[in-house]
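Ready for a few exercises? Have a look at the model below, try each task on your own, and then compare your reasoning with the worked solution.

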Amino acid sequence: MEPDLLKMQDEILKADHVVFVYPTWWGTYPALLKGFIDRVFLPGFAFRYREGSLFWDKYLTGKSARLIVTMDTPKWYYSLVYKSPGHNSLRKGILDFCGIRPVRISAFGPIKTSDDEKRKKWLNQVRKLGAELK
(Lines give C-alpha, C1' and ligand atoms only; values in the text may rest on other atoms or scores of the structure.)
Protein backbone atom coordinates (compact mmCIF):
# COMPACT_ATOMS: atom_id res chain seq x y z
CA MET A 1 0.00 0.00 0.00
CA GLU A 2 1.06 3.57 -0.63
CA PRO A 3 2.52 5.40 2.38
CA ASP A 4 -0.31 7.97 2.44
CA LEU A 5 -2.91 5.20 2.74
CA LEU A 6 -0.98 3.53 5.55
CA LYS A 7 -0.81 6.93 7.27
CA MET A 8 -4.59 7.29 6.97
CA GLN A 9 -5.11 3.86 8.49
CA ASP A 10 -2.83 4.85 11.37
CA GLU A 11 -4.73 8.13 11.86
CA ILE A 12 -8.07 6.30 11.88
CA LEU A 13 -6.77 3.82 14.46
CA LYS A 14 -5.62 6.67 16.70
CA ALA A 15 -8.88 8.63 16.33
CA ASP A 16 -11.89 8.43 18.61
CA HIS A 17 -14.02 10.32 16.10
CA VAL A 18 -13.81 10.42 12.29
CA VAL A 19 -15.29 13.22 10.16
CA PHE A 20 -16.10 13.04 6.46
CA VAL A 21 -16.91 16.29 4.63
CA TYR A 22 -18.20 15.90 1.08
CA PRO A 23 -20.84 16.97 -1.44
CA THR A 24 -23.72 14.74 -2.45
CA TRP A 25 -22.89 13.51 -5.93
CA TRP A 26 -25.51 11.67 -7.97
CA GLY A 27 -27.39 10.86 -4.77
CA THR A 28 -24.46 9.43 -2.82
CA TYR A 29 -20.85 10.50 -2.33
CA PRO A 30 -18.11 11.32 -4.83
CA ALA A 31 -16.16 8.51 -6.49
CA LEU A 32 -12.98 9.87 -4.93
CA LEU A 33 -14.39 9.26 -1.45
CA LYS A 34 -15.57 5.79 -2.45
CA GLY A 35 -12.10 5.05 -3.81
CA PHE A 36 -10.56 6.22 -0.53
CA ILE A 37 -12.85 3.90 1.42
CA ASP A 38 -12.12 1.00 -0.93
CA ARG A 39 -8.37 1.50 -0.47
CA VAL A 40 -8.29 2.21 3.29
CA PHE A 41 -11.13 0.26 4.93
CA LEU A 42 -9.69 -3.12 3.98
CA PRO A 43 -10.25 -6.60 5.41
CA GLY A 44 -7.71 -7.11 8.17
CA PHE A 45 -7.74 -3.40 9.01
CA ALA A 46 -11.40 -2.38 9.34
CA PHE A 47 -13.02 -5.82 9.60
CA ARG A 48 -12.39 -9.52 9.15
CA TYR A 49 -14.70 -12.19 7.80
CA ARG A 50 -14.91 -15.28 10.01
CA GLU A 51 -14.00 -18.50 8.30
CA GLY A 52 -17.01 -20.72 7.73
CA SER A 53 -19.39 -18.07 9.04
CA LEU A 54 -21.73 -15.44 7.69
CA PHE A 55 -20.50 -13.06 10.41
CA TRP A 56 -17.46 -10.82 10.66
CA ASP A 57 -15.38 -9.02 13.26
CA LYS A 58 -15.61 -5.25 13.41
CA TYR A 59 -12.15 -3.79 14.04
CA LEU A 60 -13.06 -0.11 14.40
CA THR A 61 -15.41 -0.33 17.37
CA GLY A 62 -15.28 2.40 19.98
CA LYS A 63 -15.12 5.14 17.36
CA SER A 64 -17.84 7.53 16.27
CA ALA A 65 -18.25 9.53 13.08
CA ARG A 66 -19.84 12.64 11.66
CA LEU A 67 -20.80 13.11 8.03
CA ILE A 68 -20.93 16.75 6.94
CA VAL A 69 -22.72 16.70 3.62
CA THR A 70 -23.71 19.42 1.17
CA MET A 71 -26.43 18.91 -1.41
CA ASP A 72 -28.51 20.76 -3.96
CA THR A 73 -31.52 18.57 -3.27
CA PRO A 74 -33.73 19.80 -0.43
CA LYS A 75 -33.08 17.63 2.63
CA TRP A 76 -36.74 16.60 2.94
CA TYR A 77 -36.83 15.47 -0.70
CA TYR A 78 -33.56 13.54 -0.37
CA SER A 79 -34.98 11.76 2.65
CA LEU A 80 -38.57 11.11 1.59
CA VAL A 81 -38.20 10.52 -2.15
CA TYR A 82 -34.66 9.15 -2.52
CA LYS A 83 -34.57 7.50 0.95
CA SER A 84 -31.10 9.01 1.70
CA PRO A 85 -29.02 6.49 -0.27
CA GLY A 86 -25.64 8.13 0.31
CA HIS A 87 -26.22 8.59 4.02
CA ASN A 88 -27.43 5.02 4.43
CA SER A 89 -24.60 3.53 2.40
CA LEU A 90 -21.84 5.30 4.29
CA ARG A 91 -23.46 5.02 7.72
CA LYS A 92 -24.79 1.47 7.61
CA GLY A 93 -23.04 -0.27 4.75
CA ILE A 94 -19.53 0.92 5.51
CA LEU A 95 -18.91 2.61 8.87
CA ASP A 96 -21.26 0.53 11.03
CA PHE A 97 -20.10 -2.59 9.16
CA CYS A 98 -16.61 -1.80 10.48
CA GLY A 99 -17.84 -0.97 14.00
CA ILE A 100 -17.94 2.83 13.83
CA ARG A 101 -21.02 4.10 15.63
CA PRO A 102 -22.80 6.27 16.24
CA VAL A 103 -22.59 7.98 12.87
CA ARG A 104 -24.29 11.36 12.92
CA ILE A 105 -25.14 13.30 9.80
CA SER A 106 -25.27 17.04 9.25
CA ALA A 107 -26.68 17.80 5.81
CA PHE A 108 -26.72 21.30 4.35
CA GLY A 109 -28.76 22.32 1.37
CA PRO A 110 -29.91 23.18 -1.08
CA ILE A 111 -26.60 24.90 -1.78
CA LYS A 112 -27.46 26.11 -5.28
CA THR A 113 -30.20 28.47 -4.10
CA SER A 114 -28.58 29.54 -0.81
CA ASP A 115 -27.40 33.06 -0.11
CA ASP A 116 -24.38 34.33 1.85
CA GLU A 117 -26.36 34.61 5.08
CA LYS A 118 -27.56 31.02 4.88
CA ARG A 119 -24.06 29.71 4.12
CA LYS A 120 -22.62 31.67 7.07
CA LYS A 121 -25.25 30.08 9.31
CA TRP A 122 -24.26 26.61 8.07
CA LEU A 123 -20.55 27.33 8.62
CA ASN A 124 -21.31 28.44 12.19
CA GLN A 125 -23.18 25.17 12.77
CA VAL A 126 -20.13 23.21 11.58
CA ARG A 127 -17.83 25.30 13.81
CA LYS A 128 -20.04 24.45 16.80
CA LEU A 129 -19.83 20.76 15.92
CA GLY A 130 -16.03 21.01 15.87
CA ALA A 131 -15.98 22.86 19.20
CA GLU A 132 -18.03 20.08 20.79
CA LEU A 133 -15.19 17.66 20.09
CA LYS A 134 -12.57 19.68 21.98
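## Exercise 1: Two proline loops

P110 is located in the loop that connects strand 5 with helix 5. This is a predicted model, so every value in these exercises is computed.

**Task.** Find the cis peptide bonds that lead into P102 and into P110, and say which loop holds P102.

**Solution.**
- Step 1: Begin with P110. The peptide bond from G109 to P110 is cis, and its omega is near 0°.
- Step 2: Go back along the chain to P102. The bond from R101 to P102 is cis too, with omega near 5°.
- Step 3: Place P102 in the fold. Its loop runs between helix 4 and strand 5.
- Step 4: Put the two together. Strand 5 is preceded by the loop with P102 and followed by the loop with P110.

## Exercise 2: The overall plan

**Task.** Describe the protein chain by its secondary structure, its extent and its contacts.

**Solution.**
- Step 1: Count the elements. There are 5 helices and 5 strands.
- Step 2: Put them in sequence order. The pattern reads α-β-α-β-β-β-α-α-β-α.
- Step 3: Take the extent along the principal axes. The C-alpha atoms fill a box of roughly 55 × 35 × 25 Å.
- Step 4: Look at burial. The protein chain has 134 residues, and 34% of them count as buried.
- Step 5: Look at the contacts. Among those between residues at least 6 apart in sequence, 70% join residues at least 24 apart.

## Exercise 3: The two sides of helix 1

**Task.** Work out which residues of helix 1 are buried, which exposed residues lie on the face turned away from them, and what the buried ones pack against.

**Solution.**
- Step 1: Check the span. Helix 1 covers residues 3-14, 12 residues in total, and reaches 17 Å from first to last C-alpha, close to the expected 16 Å.
- Step 2: Pick out the buried residues, which are L5, Q9 and I12.
- Step 3: Look down the axis. The buried residues of helix 1 fall within an arc of 65°, so they line one face of the helix.
- Step 4: Recall the general rule. An α-helix has 3.6 residues a turn, so residues three or four places apart point the same way.
- Step 5: Turn to the face directed away from the buried side. Exposed residues P3, D4, K7 and K14 are found there.
- Step 6: Find the packing partner. The buried residues of helix 1 pack against helix 2 (31-40).

## Exercise 4: Strand 4 and its partners

**Task.** Is strand 4 largely enclosed or largely open, and which strands are joined to it?

**Solution.**
- Step 1: Consider burial. In strand 4 (residues 64-70), 6 of the 7 residues are buried, so the strand is largely enclosed by the rest of the structure.
- Step 2: Follow the pairing with strand 1 (residues 17-23). It is joined to strand 4 by 7 bridges, and the two run parallel. Here V69 in strand 4 has Y22 opposite.
- Step 3: Follow the pairing with strand 5 (residues 103-108). Strand 4 and strand 5 share 6 bridges and run parallel. The bridge partner of T70 in strand 5 is F108.

## Exercise 5: The largest pocket

**Task.** Which elements each supply at least two residues of the lining of the largest pocket?

**Solution.**
- Step 1: Note the volume, about 160 Å³.
- Step 2: Go through the lining, which includes H17, V19, S64, R66, I68, R104, V126, L129 and E132.
- Step 3: Assign elements. Strand 1, strand 4 and helix 5 (116-132) each contribute at least two residues.

## Exercise 6: Positive phi and a buried neighbour

**Task.** Compare W26 and K83 in backbone angle, then ask whether S84 is buried or exposed.

**Solution.**
- Step 1: Take W26, in the loop between strand 1 and helix 2. Its phi is near 50°, a positive value in a residue other than glycine.
- Step 2: Check its surface. W26 has 81% relative accessibility, so it counts as exposed, the cut-off being over 50%.
- Step 3: Take K83, in the loop between helix 3 and helix 4. Its phi is positive, about 70°, although K83 is not a glycine. At 55% relative accessibility, K83 counts as exposed.
- Step 4: Move to S84, which lies in the loop between helix 3 (75-80) and helix 4 (85-95). With 12% relative accessibility, S84 counts as buried.
- Step 5: List its contacts. Leaving out residues up to four places away in sequence, S84 touches Y78 and S79.

Notes
Residues are numbered from 1 along each chain as its sequence is written. This is a predicted model: local features need pLDDT of at least 70, side-chain atom pairs count only at pLDDT 80 or more; totals for chains, interfaces and linings use all residues. Side-chain values use heavy atoms; hydrogens and water are left out. Helices (H or I, at least four residues) and strands (E, at least two) are DSSP runs, numbered from the N terminus. The expected span of a helix is 1.5 Å times one less than its number of residues. Buried means under 20% relative accessible area, exposed over 50%, partly exposed in between (1.4 Å probe, protein chains only). The arc is that of the directions from the helix axis to the C-beta atoms. Contact means heavy atoms within 4.5 Å. Two strands pair if DSSP finds at least two bridges between them. On a 1 Å grid over the protein atoms alone, a cavity is a set of points where a 1.4 Å probe fits but cannot get out, and a pocket is an open set with protein on both sides within 12 Å along at least five of seven lines; lining residues have an atom within 4 Å of a point. Grid points are joined across faces, edges and corners, and a volume is the space filled by probe spheres set on the points.
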